[in-house]
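Work through the following exercises with the structure open beside you. Try each task yourself before you read its solution.

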Amino acid sequence: MLKFILKVFIAHYADILLAVFYKNNIWKLREVCKSKNGQVYKEHLYFSYLKQSGAWIGLGAQLDSPPILPHGLQGIFISNNAVIGRNVVIFHQVTIGSNSLKDSKGKGSPIIGDNCYIGCGAKIIGSIALGDNVRVGANCIVTKTVPSNS
């Protein structure tokens with residue numbers, strides 16, 4: 001019963017708990033969760049905070065540096081197996097998602113290079129690569145590899 005009450009408390013006050021214990025640094029909390037040194041409650045706090053923002057960033061996603069989020073986490077989805085380089089700007093409502101359809105040519109997760117700019121509402125899906133310094137416009141759907149400096 002106590003575990004249930006604690007989980008409900010964490011889910012309801014995730015934003016306050018993140019501010020108090022992690023100084024609003026979701027990336028620090030994410031690293032703690034990935035290290036597996038913390039209890040399951042830290043992971044619950046991480047996912048509860050993301051849920052409040054309508055976001056999902058899988059713990060398995062490889063982030064070379066915390067992405068730059070000009071509009072916060074609002075609606076951002078990053079697949080569990082995605083790889084994201086340094087200094088990547090990600091606007092709201094962006095999906096960086098896996099394609100898990102067995103009969104698909106693009107099965108897998110995206111790899112995004114350094115210094116990329118991903119406009120709001122963009123969808124980057126499947127086993128593709130965005131090279132370094134790539135700009136993806138708002139509401140674009142990317143399903144094929146894009147070379148660097150495009």
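**Exercise 1.** Against which helices do the buried residues of helix 2 pack?

*Solution.* Keep in mind from the start that this is a predicted model. Begin by finding helix 2, which covers residues 14-22, and pick out its buried residues, namely Ala14, Leu17, Leu18 and Tyr22. Looking down the axis of helix 2, you find these buried residues within an arc of 100°, so they line one face of the helix. The last step is to look for their partners: the buried residues of helix 2 pack against helix 1 (2-12), helix 3 (26-35) and helix 4 (40-52). If you then follow the chain just past the end of helix 2, you come to Lys23, which takes a positive phi of about 50°.

**Exercise 2.** Determine which element gives the most residues to the nonpolar surface patch.

*Solution.* First list the members of the patch: Leu6, Phe9, Tyr13, Ile16, Val20 and Phe21 together make a nonpolar surface area of about 580 Å². Next, ask which elements give two or more residues to this patch, and you arrive at helix 1 and helix 2. Of the elements, helix 2 gives the most, with three residues. One of the patch residues in helix 2 is Phe21, and Phe21 counts as exposed because its relative accessibility is 57%, where the cut-off is over 50%.

**Exercise 3.** Find how many salt bridges the structure holds, and decide whether Arg30 is buried or exposed.

*Solution.* The structure holds one salt bridge, and it joins Arg30 to Glu31, with the closest N and O atoms 3.7 Å apart. To classify Arg30, compare its relative accessibility of 1% with the cut-off of under 20%, and it follows that Arg30 counts as buried. Glu31, by contrast, has a relative accessible area of 45% and is therefore partly exposed.

**Exercise 4.** Describe the surroundings of Ser109: where does Ser109 lie, and with which side chains does its own side chain make polar contacts?

*Solution.* Start with the position, which is the loop between strand 6 (95-97) and strand 7 (111-112). Although Ser109 lies in a loop, Ser109 counts as buried, because its relative accessibility is 14%. Now turn to the side chain of Ser109, which makes a polar contact with the side chain of Ser98 at 2.5 Å and another with the side chain of Ser79 at 3.4 Å. Finally, leave aside the neighbours within four places in sequence, and you will find Ser109 in contact with Ser79, Asn81, Ala82, Ser98, Gly126, Ser127 and Ile128.

Conventions:
Residues are numbered from 1 along each chain as its sequence is written. This is a predicted model: local features need pLDDT of at least 70, side-chain atom pairs count only at pLDDT 80 or more; totals for chains, interfaces and linings use all residues. Side-chain values use heavy atoms; hydrogens and water are left out. Helices (H or I, at least four residues) and strands (E, at least two) are DSSP runs, numbered from the N terminus. Buried means under 20% relative accessible area, exposed over 50%, partly exposed in between (1.4 Å probe, protein chains only). A polar contact is a pair of N or O atoms within 3.5 Å; within protein, one must be able to donate a hydrogen and the other to accept it, and residues adjacent in sequence count only if both atoms are side-chain atoms. Contact means heavy atoms within 4.5 Å. A salt bridge is a side-chain nitrogen of Lys or Arg within 4 Å of a carboxyl oxygen of Asp or Glu. The arc is that of the directions from the helix axis to the C-beta atoms. Patches are made of residues with over 30% relative accessible area and no salt bridge: like charges are joined within 9 Å, nonpolar side chains (Val, Leu, Ile, Met, Phe, Trp, Tyr) within 5 Å. Accessible areas come from the Shrake-Rupley method with a 1.4 Å probe; for residues, only the protein chains shown count as cover.
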